[in-house]
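Biologist: Before I take your labels on trust, I'd like to hear what backs them up. Can we go through them one at a time?

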Amino acid sequence: MTPEEAASVYDILCAECQAGASGKDDFVHAMTRERPPTEYRFQGALGFGGKFYADSSGWRVACYPEDETPERRAMIERANVALMEL
């Protein structure tokens, strides 16, 4: 992932899932390392289990199933659509 892509991904996390804006630099740094993580916990409005995944399935957002609510599910769906369009 390029630094520009990582910044765009984090902008989506902020816009759709209320990730903290102060975490952007850490996210960009983590996702642009030689061996980036396949998951990154950003929390935001998705709670402690709010994670971004970058693996063989692509880029996506999820939270712990037990923490899902209709509002969180809608956030996840909007974020995942935006990530697919990126």
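What follows is a short talk about the terms used for this predicted model.

Modeller: Ground rules: it's a predicted model, where local features need pLDDT of at least 70, side-chain atom pairs count only at pLDDT 80 or more, and totals for chains, interfaces and linings use all residues. Residues are numbered from 1 along each chain as its sequence is written, and side-chain values use heavy atoms, with hydrogens and water left out.

Biologist: Why does Lys 51 count as buried or exposed?

Modeller: Buried means under 20% relative accessible area, exposed over 50%, and partly exposed in between (1.4 Å probe, protein chains only). Lys 51 has 9% relative accessibility, so it counts as buried.

Biologist: What makes the link between the side chains of Lys 51 and Glu 39 a polar contact?

Modeller: A polar contact needs a pair of N or O atoms within 3.5 Å; within protein, one must be able to donate a hydrogen and the other to accept it, and residues adjacent in sequence count only if both atoms are side-chain atoms. Here the distance is 2.7 Å.

Biologist: What makes S2 and strand S3 a pair?

Modeller: Strands (E, at least two residues) are DSSP runs, numbered from the N terminus, and two of them pair if DSSP finds at least two bridges between them. S2 and S3 (residues 58-62) have five, in the antiparallel sense. One bridge joins Asp 55 to Gly 58 in S3, and the hairpin they form has two residues between the strands.

Note on methods:
Helix = DSSP H or I, 4+ residues; strand = E, 2+ residues; numbered from the N terminus.
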